[in-house]
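Colleague: I am new to reading protein models, and I would like to learn how the usual words are justified. Could we look at one together?

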Amino acid sequence: MLTDNLCMGCMRELGEEKVCPHCGLHADFVQESPLLPLRTVINDRYIIGKAISSGGDGVTYIAWDRERNVAVAVREFLPLEHITREFGERAITVKKDSSLVVHDGIMAFLELWRKIARLRDLSALKPVIDIVTENNTAYSVSEYIESITLRDFLLKSRTGYLGWDQAKTLLMPVLSTLATMHEAGIYHLGISPNTLLLGRDGKLRLTGFMISDARLTNTDYNAELIKGYVPYEQYDPNGKVGAWSDVYAFTAVVYRTLIGSTPDDSSERVVNDKLLIPAKFAEVLPAYLVSAIHNGLQLQPEDRIRTIDDLREQLSGSPSTMATNKIKYEAPIEDAPKKQEQPVTTEDEEAERKRREKLRREQERKQEQTKTLFITFGICVAIGLVVLGGWLFATHEKAQKDNTTPTEDVSLVSVPNFAGQSYTRISTDEVQNQRFKITAKYEYNNKVDVGYIISQSIEEGQQVPYGTELVLTVSKGTEYIDIPDVSGKDYTDAEKTLTDAGFVVKKVEKSNDGTHQAGKVIASTPSAGTSAERGSEVYLQVWGAAPTTTSASTTKSSSNFGIDIPRISDLF
């Protein structure tokens, strides 16, 4: 497909128009630095379009995959407080004193997206297609799915909120994905209606992934935090994040979806907690659901629901959970009916006042400790620098006076073992670039992570002259191949096509009522047009042999996998 006439805002055909009829972007639109210029090509494959979101650790662009001829989403590691990029340039320039922050950030970015790539089969995630290191930074490439945010969907709905029957159809599948993410060591720390996207298929997908430092205060990044959905431990310099942090954020999303307003932010609640469920909602929502929201929005992690599995149980109202909650919790309800009210005694009010006062004092104590720690650290660093300077001076003087010490032959350098190390780190290492002329060649490898070195052209320990060319073989990661469309073909031909492409074929026969030709392929799993790892299994559904007798009638069935979402087709 020719790409000259593609709109860089939506990747649809622009034709001879100057203004895109689909998204309204003008053909002469210029993307300002430090964002990548429009039509920049990444990895000789992805044509960069307009930025669609930014913040935290980088920028996300819509892009065009010219190998598969589809739109994709490209996330660029681009911490704006630590880098610059001249207008029209591709490579970033790291600001003075930010080298270590950017290096560690790139490593964390690559590690995060490698983990997400391994979870490509989860229904509430957009599959990761590729991970690239280029332009002194890193990129992740994911499927682009036409969608709107849950926030926009709720705002465009008639009431601004949903009933529980409709909300749970949307939200509950996301919990399964979150639980698996947590098992893989991935904590989102930014779940909100802005990071949940609703596709045309009626499914919610979780987006907005960033390295953890970009979701925390008191780090080297400008934290990307959405008020109302952030647990207090992400504000607290001494706070510890984990599964319970995503529990808080997801419960806040449930609250917004059902109540129609954003919960009070945890930074405000820690001083004056007034979060209530209005009576008009408490009267119609199941008691177990009100209790689950209350338990999921507890300020202190130790008081909160701890895992996604526990949250799912409480939102589902399992009998054991309901019995436990009846003893432990009673959710606050604003102006609730008399039968739901619990008397509040003066002793209770006094205890609550003391608890909040204790919490405030504890926060002040933590802040004072942090301040003292920074001052002590600064003094230690200053003393260390003075001592180090004295030692270096003494060493230099001794070397100048000692004329009998033989001079080391520095015309040769020993080649270290680079295998298993990050190519980004090695290629940007000033010392190694002085010793060797480092070049790279790339190849697929399913045992070595993307961007890491597989082998080197000169063996470890060899003595070579300074400036010798050293070729490092760098992993492109697992090779993913598009699954060809073999539907309608005979099984033998289809099997050969897929085997030649690099897949292992498995046959699944489907019952034949006599109206279909035996041996014909119906469909494949994964489906045609999607990407799968080379060497992975593809299941072919094939019509089995026709029965010897036919039934008097054929029963027709249909399935409706849609959900009852108000006028979703009008929202795109």
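Modeller: Gladly! Let us start with a definition: helices and strands are DSSP runs, numbered from the N terminus, with at least four residues for a helix and at least two for a strand. Counted that way, the protein has 13 helices and 23 strands. Please keep in mind that this is a predicted model.

Colleague: Thanks! How much of the protein counts as buried?

Modeller: Of its 572 residues, 41% count as buried. As for contacts with a separation of 6 or more, 63% of them join residues 24 or more positions apart.

Colleague: Why is leucine 196 called buried?

Modeller: The relative accessible area of leucine 196 is 0%. The cut-off for buried is under 20%, so leucine 196 is buried. This leucine sits in strand E10, residues 196-199.

Colleague: And what does leucine 196 touch, beyond residues up to four places away in sequence?

Modeller: Its contacts are Ile148, Thr149, Leu150, Val174, Ile191, Leu204, Arg205, Leu206 and Val253. Threonine 207 is 11 residues away from leucine 196 in sequence, and their C-alpha atoms are 6.1 Å apart.

Colleague: What makes serine 192 count as buried?

Modeller: The same kind of check works here. Serine 192 has 0% relative accessibility, and buried means under 20%, so serine 192 counts as buried. Serine 192 lies in the loop between H3 and E10. Apart from neighbours within four places in sequence, serine 192 is in contact with Ile226, Tyr229 and Val253.

Colleague: How do you know that glutamine 432 is buried?

Modeller: Its relative accessible area is 12%. Set that against the limit of under 20%, and glutamine 432 is therefore buried. Glutamine 432 belongs to helix H12, residues 430-435, and touches Pro416, Phe418, Ile426 and Ile438, leaving out residues up to four places away in sequence.

Colleague: Which residues have the most contacts inside the largest nonpolar core?

Modeller: They are Trp164, Leu171, Phe209, Phe250, Leu258 and Leu315, in a core of 87 residues. Take leucine 258 as an example: setting aside neighbours within four places in sequence, leucine 258 is in contact with Tyr161, Leu162, Gly163, Trp164, Ala167, Phe281, Leu285, Leu289 and Ile293. In soluble globular proteins, nonpolar side chains tend to be buried together.

Colleague: Now the helices. Why is H3 called roughly antiparallel to H8?

Modeller: The axes of H3 (residues 164-183) and H8 (residues 308-316) cross at roughly 160° and come within 9 Å. Angles over 145 degrees count as roughly antiparallel, so H3 is roughly antiparallel to H8. The crossing of H3 with H8 is left-handed.

Colleague: Which residues of H3 and H8 meet?

Modeller: From H3 come Trp164, Met172, Leu175, Ser176, Leu178, Ala179 and His182, and from H8 come Ile308, Asp309, Leu311, Arg312, Leu315 and Ser316. This contact of H3 with H8 has 8 nonpolar, 3 polar and 2 charged residues.

Colleague: How close do the axes of H7 and H8 come, and at what angle do they cross?

Modeller: The axes of H7, residues 287-296, and H8 come within 7 Å and cross at roughly 150°. Over 145 degrees counts as roughly antiparallel, so that name fits H7 and H8. In this contact, Tyr288, Leu289, Ser291, Ala292 and Asn295 of H7 face Gln314, Leu315 and Ser316 of H8. The residues of the contact of H7 with H8 are 4 nonpolar and 4 polar, with no charged ones.

Note on methods. Residues are numbered from 1 along each chain as its sequence is written. This is a predicted model: local features need pLDDT of at least 70, side-chain atom pairs count only at pLDDT 80 or more; totals for chains, interfaces and linings use all residues. Side-chain values use heavy atoms; hydrogens and water are left out. A nonpolar core is a set of buried Ala, Val, Leu, Ile, Met, Phe, Trp, Tyr and Cys residues joined through side-chain atoms within 4.5 Å. Buried means under 20% relative accessible area, exposed over 50%, partly exposed in between (1.4 Å probe, protein chains only). Contact means heavy atoms within 4.5 Å. Axes are lines fitted to C-alpha atoms, for helices over the stretch in contact, and angles run from 0 to 180 degrees between N-to-C directions. Angles under 35 degrees count as roughly parallel, over 145 as roughly antiparallel, 65 to 115 as roughly perpendicular and the rest as oblique. A crossing is left-handed if the near helix is turned anticlockwise from the far one by less than a right angle, and right-handed if clockwise. Ala, Val, Leu, Ile, Met, Phe, Trp, Tyr, Cys and Pro count as nonpolar, Asp, Glu, Lys and Arg as charged, and the others, Gly among them, as polar.
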